[in-house]
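Here's a look at one model, starting with its empty space and moving on to strands and charged pairs. Have the viewer open as you read.

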Amino acid sequence: MPSDAPAMRRLILVSLAMAAVAPGASVAQDPTPPPTPTVLDIGSADDRMTVPVSIGNSGPFHFIVDTGAQRTVISRELAGKLGLPSGRDVRLTAMTGTSNVATVMIPKISVSTMGGTSIEAPSLESRNLGALGMLGLDTLQGHALTIDFAKDTMTLTPSAKRRRSISAMPGEIVVHGQNLYGQLIVSDASYRGQKIRVILDTGSGITMGNMALKRSVAHGAKAVRPVALWGVTGESMEVGYTQIDKVDFAGITFSHLPVAFSDAEPFRHFGLTEKPALLLGMDALRLFRRVKIDFPNREVRIMVMDG
């Protein structure tokens with residue numbers, strides 16, 4: 001991936017307002033009727049996914065789906081156009097650091113027929129977001145998100161907490177994670193036998209690794225070159241960009257995985273600076289046929305490409 005790729009302009013956004021999800025057990029399904037799914041065509045913004053979002057009676061507007069973000073964010077331009085009232089200033093943790101940002105009150109935000117929630121959303125410049133907004137976990141929580149890369153569709157399904165897990169379909173890999181501040185962290189990944197903690201980040205065009213991982217792969221990586229990245233607040237940071245010879249994730253091996261290394265703020269926020277960790281971006285996720293993230297049940301289901 002070239003160092004000046006537009007996808008590199010978007011990093012991760014992490015809020016300090018978080019929701020906890022209780023842990024669950026595994027094996028067999030509860031006899032509850034299946035929820036009604038909402039299927040949306042996926043658009044694109046710098047290799048990231050966008051979906052149509054309505055705000056009140058206005059829209060649709062194309063927002064990036066960001067499973068690496070705790071909060072939904074709206075562009076200042078769109079907030080001004082809609083005349084949304086101002087909210088509080090909040091402390092925002094982004095990849096490039098923490099800063100105080102203004103918020104606006106969104107009276108009702110919905111994705112297709114689902115949603116209708118009132119939220120207080122940070123407002124940032126659209127040129128830094130790369131879109132009119134980003135749909136974060138405050139909107140996605142309580143749902144299962146299925147991304148079908150083969151069909152270019154995304155399905156949102158209401159997901160109640162189960163006592164038991166659904167059996168895997170043929171060719172499907174099921175991974176269970178842990179909930180940390182509302183974020184799903186998966187530990188079923190490794191480099192040469194050493195465990196790596198992984199967050200699936202659909203809002204980032206590239207995969208980010210912390211410096212603990214960089215130290216672990218020092219002899220299994222190509223030469224590191226400096227690359228400048230810009231965050232959602234408009235600030236920049238320099239990272240070391242390289243390829244790792246191989247990373248195993250849920251029984252699947254990524255060969256020559258491109259990774260940008262930095263001890264960025266989200267790693268500190270989640271206490272992931274001392275142990276190897278990855279924010280798995282869209283460059284890696286697009287290698288799968290389908291990815292389903294079930295937030296309440298702390299579960300990721302992966303279908304690999306045919307052949």
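The largest cavity encloses about 50 Å³ of space. This is a predicted model, where local features need pLDDT of at least 70, side-chain atom pairs count only at pLDDT 80 or more, and totals for chains, interfaces and linings use all residues. Residues are numbered from 1 along each chain as its sequence is written, and side-chain values use heavy atoms, with hydrogens and water left out.

A cavity here is a set of points, on a 1 Å grid over the protein atoms alone, where a 1.4 Å probe fits but cannot get out; lining residues have an atom within 4 Å of a point. Points are joined across faces, edges and corners, and the volume is the space filled by probe spheres set on them. By that recipe, the structure has 1 cavity of 30 Å³ or more.

Who lines the largest cavity? The residues are T67, Q183, L184, V186, L200, I293, F295 and V300. They split into 6 nonpolar, 2 polar and no charged (Ala, Val, Leu, Ile, Met, Phe, Trp, Tyr, Cys and Pro count as nonpolar, Asp, Glu, Lys and Arg as charged, and the others, Gly among them, as polar). Strand β14 (residues 183-186) supplies the largest share of the lining, 3 residues. Strands are DSSP runs of E, at least two residues, numbered from the N terminus.

Two of the lining residues turn up again in strand pairing, which takes at least two DSSP bridges between strands. V300 in β24 is the bridge partner of V175, and L184 in β14 is that of N179. Strand β13 runs antiparallel to β24, with 5 bridges, and also antiparallel to β14, with 4 bridges.

Now for the charges. There are 9 salt bridges in the structure, each a side-chain nitrogen of Lys or Arg within 4 Å of a carboxyl oxygen of Asp or Glu. R162, E172, D294, E299 and R301 are linked in a network of them. Three of the pairs:

| Pair | N to O distance |
|---|---|
| R162 and E299 | 3.1 Å |
| R301 and E172 | 2.9 Å |
| R301 and E299 | 2.9 Å |

R162 sits in the loop between β12 (153-158) and β13 (172-180), while E299 belongs to β24 (residues 299-304), 137 residues apart. R301 is in β24 and E172 in β13, so their salt bridge ties together parts 129 residues apart in sequence. Both R162 and E299 are buried (under 20% relative accessible area, 1.4 Å probe, protein chains only). R301 and E172 are buried too.

Terms used:
Buried < 20%, exposed > 50% of the residue type's maximum accessible area, 1.4 Å probe, protein only. 1 Å grid on protein atoms, 1.4 Å probe; cavity = no way out; pocket = protein on both sides within 12 Å on 5 of 7 lines; lining within 4 Å.
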